[in-house]
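Reader: I would like a close look at one part of this model, please, namely the place where the DNA meets the protein. I am new to this, so please explain each term when it first comes up.

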There are 2 protein chains.
Amino acid sequence: MRIGELAERTGVDVETVRYYEKLLLLPPPAREANGYRTYGKTHLERLAFVRHCRALDMPLADVTRLLNFVDQPASDCADINVLVDAQISRVKARLKSMRALEKQLTALRRQCSSPHPTQDCGILHELVSAAHGEACACHAGHSTISPDTVAELL
Amino acid sequence: MRIGELAERTGVDVETVRYYEKLLLLPPPAREANGYRTYGKTHLERLAFVRHCRALDMPLADVTRLLNFVDQPASDCADINVLVDAQISRVKARLKSMRALEKQLTALRRQCSSPHPTQDCGILHELVSAAHGEACACHAGHSTISPDTVAELL
DNA sequence: CTTGACTCTGTAGCGACTACAGGGTTTCTA
DNA sequence: TAGAAACCCTGTAGTCGCTACAGAGTCAAG
């Protein structure tokens, strides 16, 4: 099959397929006489594997490492667990800071309901007050928002 | 104050300060005879404002727009609400997909507890099975993980 | 025989930084 | 007072995972 069909069957953009090939995530395909790429079943599977990992938000570098494991069935899989665990803790950390973020934003949003002139806008006042080092509604509660959490967001 | 002090007092990297200046988020500072940047209180406040917005994960383009509001106190603030609401819905959407992601990853992780040879690793089996279009533990439950959610992650 | 869809290579852009390279200046210490 | 460390300057390139071209060639249908 050609690149367009491969792309469609995996739900991947054509450009992305070529991009993966450049990063060696996909082995170089055979070429037709006119230079068009030709793919087989193995490419289809490998690409689906990559997309599945990406759906789990794994970095492509990790996917590369996983593909190495796939290619070496006799090796020990302990490092796979390490890799997945790292991914899980990344996601957990991000989730924690996102939850804090949501609280901060909704607290901020409450500062202004109806349209005012900008100079009276509670939201802008809150944001500006931070510039003066004052307390602000969105970053007030230390129980919910630790400095670490904020640092994580940056 | 010089750039190093400004950076330290706001918790921003020196390079980031120069970067913000290039993007016109900070007005060009005065220069000493030797070319060193000199900052005053207004820069400090503006930079703190920017960082506060960034801590709320707002894109710099939105921060620019907010700064325009700050500079025009008489304008109407309705657009500020629109901007904050958009940010809130972005965060909510991301949060939703992150929660699904966490479930998927922990389901995946359960497939392998102790070290095996790679060919017997449950995790890798799960990931490979996706390549065959089969059901997999991590992306099984349609009640928790909609195609939309997965698409969001990509 | 033309139109449109597909393919090719190569490069540049996104966002928000971060990390140099290769210089000059200031400040601290011995 | 010399030299080292720490600061500052400009400019460019790298990060991540794509995405979007530009400019060209190829192919199938009407």
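**Where the protein meets the DNA**

Author: A good place to begin is B:Glu15, whose side chain has a polar atom lying 3.3 Å from a base nitrogen of DNA strand C, a polar contact (a pair of N or O atoms within 3.5 Å; within protein, one must be able to donate a hydrogen and the other to accept it, and residues adjacent in sequence count only if both atoms are side-chain atoms). The model is predicted, so local features need pLDDT of at least 70 and side-chain atom pairs pLDDT 80 or more, while totals for chains, interfaces and linings use all residues, and side-chain values rest on heavy atoms, without hydrogens and water. Residues are numbered from 1 along each chain as its sequence is written, with chains lettered from A and ligands numbered from 1 in the order in which they are written.

Two further side chains of chain B meet DNA strand C: B:Asn34 has a polar side-chain atom 2.7 Å from a phosphate oxygen, and an N or O atom in the side chain of B:Arg2 is 3.5 Å from a sugar or linking oxygen. Around DNA strand C there are 20 residues, of which A:Gly4, A:Arg18, A:Arg37, B:Tyr19 and B:Asn34 come nearest, where a residue is near if one of its heavy atoms lies within 4 Å. Of the atoms of DNA strand C that come within 4 Å of the protein, 74% belong to sugar and phosphate.

Both chains supply this surface, since at least two residues each come from H1 (3–10) and H2 of chain A and from H2 and H3 of chain B (helices are DSSP runs of H or I with at least four residues, numbered from the N terminus). H2(B) gives the most, with four residues. By class, the surface near DNA strand C has seven nonpolar, four polar and nine charged residues (Ala, Val, Leu, Ile, Met, Phe, Trp, Tyr, Cys and Pro count as nonpolar, Asp, Glu, Lys and Arg as charged, and the others, Gly among them, as polar).

Turning to DNA strand D, we find 19 residues around it, the closest being A:Tyr19, A:Tyr20, B:Gly4, B:Arg18 and B:Arg37. Sugar or phosphate holds 73% of the atoms of DNA strand D within 4 Å of the protein, and bases hold the rest. A base is reached by A:Tyr36, which has a side-chain N or O atom 2.8 Å from a base nitrogen of DNA strand D. Phosphate oxygens of DNA strand D, in turn, lie 2.8 Å from an N or O atom in the side chain of A:Arg54 and 2.5 Å from a polar side-chain atom of B:Arg18.

The elements that give two or more residues to the surface near DNA strand D are H2 (14–22) and H3 (41–55) of chain A, together with H1 (3–10) and H2 (14–22) of chain B. Here H2(A) provides the largest share, four residues, and the surface as a whole divides into seven nonpolar, four polar and eight charged residues.

Since both chains take part around each strand, a word on how they meet is useful. Chain A and chain B each bring 62 residues to their contact, which means heavy atoms within 4.5 Å, and six residue pairs between them are in polar contact, both residues at pLDDT 80 or more. On the side of chain B that touches chain A, two or more residues come from each of H3 (41–55), H4 (60–71), H5 (78–109), H6 (122–131) and H7 (147–153) of chain B. H5(B) gives the most to that side, with 20 residues, and by class the side has 37 nonpolar, 13 polar and 12 charged residues.
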